[in-house]
Every structure is written in structure tokens, then in C-alpha cells.
Amino acid sequence: MGFKRFATAHWQGDLKSGKGAMSTPQSGLFAEQNYSFNTRFGEEKGTNPEELLAAAHAGCYSMALGFILQNAGFTATRIDTRAEVLMETSPGPHAVGVHLIVSATVPGIDAAGFAAIADTAKANCVISKALAIPVTMNATLV
């Protein structure tokens, strides 16, 4: 049986002076979090889509790594993942990749075994896979 997760975003105005808000209504984790040109491309406090993508990827990868380690007979006592969404600005802003920086404590595993499992987790994490799937849309003018 499948399931659906969602978040919402509201935007008003033009690119540079406009403002918006993003929310996660299902979990209630955050509501109406500020985002704008300056939170995305500058240093203003608030969130941005790339930061949320990085958070999703880091969390997904860490869980996937723990699961694959478990299936191989190992239990991680700690997994720390930093996901860096790499952006370019020309010819317009676009993501060019995600770099995962992983540090883990896994009793009983050797470096080669850990590297192989870490690579498998990278290839099979839901968010890693999502970055290559088609995107569909319904758009309505009101």
C-alpha cells in the first residue's frame, strides 16, 4: 500500500522583492516559514528549497544506511550525514548535484565493507532516487 507526503508553499510578488511561506501541514513540524530571494540566495534568516532538499536527503540517507547495515548484520551506534546541495547561478539558478558527507560508528565492520554499504545506501535512498524521477503537474489559473 502506498502513501503520500506533502508540503505547501505560498508566494506573492516578484522574484527579488516578493516573499513566501512554506509549511509541512501533515507533521506540523513547521508552519508559514519565511522564504524569499534573500533567504535563498543571500543571508537573510529563513529557509529555502535547497536547504529542505538537503535536510530530506541527509535524513533519508542516514536511515537507508542504517537499514542496509542492519541487513548485513551490523548496527550503527551513530550515523551523521551532511548533505550539500550544489548550486550554479548561470545561466540561471540550478542544482548541479548533492554531496553527502557521512561519518559513522559501526562496530565490527571494516573500511571496505562500510564503503560498499555506504555506496549502496547512496544509490538506493528514496531521495537519491527521487532526484532522477519525472515530475508531473496540474496547473490552474484562478
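The paragraphs below lead through this predicted model, moving from its sheet and hairpin to its aromatic pairs and then to one of its helices.

A good place to begin is the open sheet of three strands, whose order is E1-E2-E3 and whose pairing is antiparallel. Strands E1 and E3 stand at the edges of this sheet, and each has a single partner strand, so one side of each is left without a neighbour in the sheet. If you look at how neighbouring strands of this sheet lie against each other, you will find them turned by 25 degrees on average, with direction ignored. Within the sheet, E2 and E3 pair in the antiparallel sense over four bridges, and one residue to look for here is Gly20, whose bridge partner in E3 is Tyr35.

The loop between strand E2 (19-23) and strand E3 (33-36) contains Glu32. The phi angle of Glu32 is near 55 degrees, which is a positive value in a residue other than glycine. Is Glu32 buried or exposed? Its relative accessibility is 57%, and because exposed means over 50%, Glu32 counts as exposed.

Further along the chain, strands E4 and E5 form a hairpin with five residues between them. These two strands pair in the antiparallel sense over eleven bridges, and in this pairing Leu86 stands opposite Gly97 in E5. The loop between strand E4 (78-88) and E5 is where Pro91 is found, and the peptide bond that leads from Ser90 to Pro91 is cis, with omega near 10 degrees.

We can now turn to the aromatic side chains, where the structure holds two aromatic pairs. One of them is formed by Trp11 and Tyr35, which are 5.3 Å apart from centre to centre and have 50 degrees between their planes, and this pair is tilted. Trp11 belongs to strand E1 (residues 8-12) and Tyr35 to strand E3, so the pair ties together parts that are 24 residues apart in sequence. The two partners can also be described by their accessibility: Trp11 is partly exposed, with a relative accessible area of 32%, whereas Tyr35, at 12% relative accessibility, counts as buried. The rings of Phe37 and Phe41 have centres that lie 5.0 Å apart and planes at 50 degrees, so this pair is tilted. Phe37 and Phe41 both lie in helix H1 (residues 37-41), where they are four residues apart, or about one turn of the helix. An α-helix has 3.6 residues a turn, so residues three or four places apart point the same way. As for accessibility, Phe41 is partly exposed, with a relative accessible area of 34%.

The last stop is helix H3 (residues 111-124), which has 14 residues and reaches 20 Å from its first C-alpha to its last, close to the 20 Å expected at 1.5 Å a residue. Which residues of H3 are buried? They are Phe114, Ile117, Ala118 and Ala121, and because these residues cover an arc of only 105 degrees around the axis, they are on the same side of H3. What covers the buried residues of H3 includes helix H2 (49-71) and strand E5 (94-105), and strand E5 is also the one that forms the hairpin with E4.

Conventions:
Residues numbered from 1 in each chain as written. Predicted model: local features only at pLDDT ≥ 70, side-chain atom pairs only at ≥ 80, totals over all residues. Heavy atoms only, no water. Expected span 1.5 Å × (residues − 1). Buried < 20%, exposed > 50% of the residue type's maximum accessible area, 1.4 Å probe, protein only. Arc of directions from axis to C-beta. Contact = heavy atoms within 4.5 Å. Phe/Tyr/Trp six-rings, centres within 6.5 Å; stacked < 30°, edge-to-face > 60°. Pairing = 2+ DSSP bridges. Axes fitted to C-alpha atoms, helices over the stretch in contact; angles between N-to-C directions.
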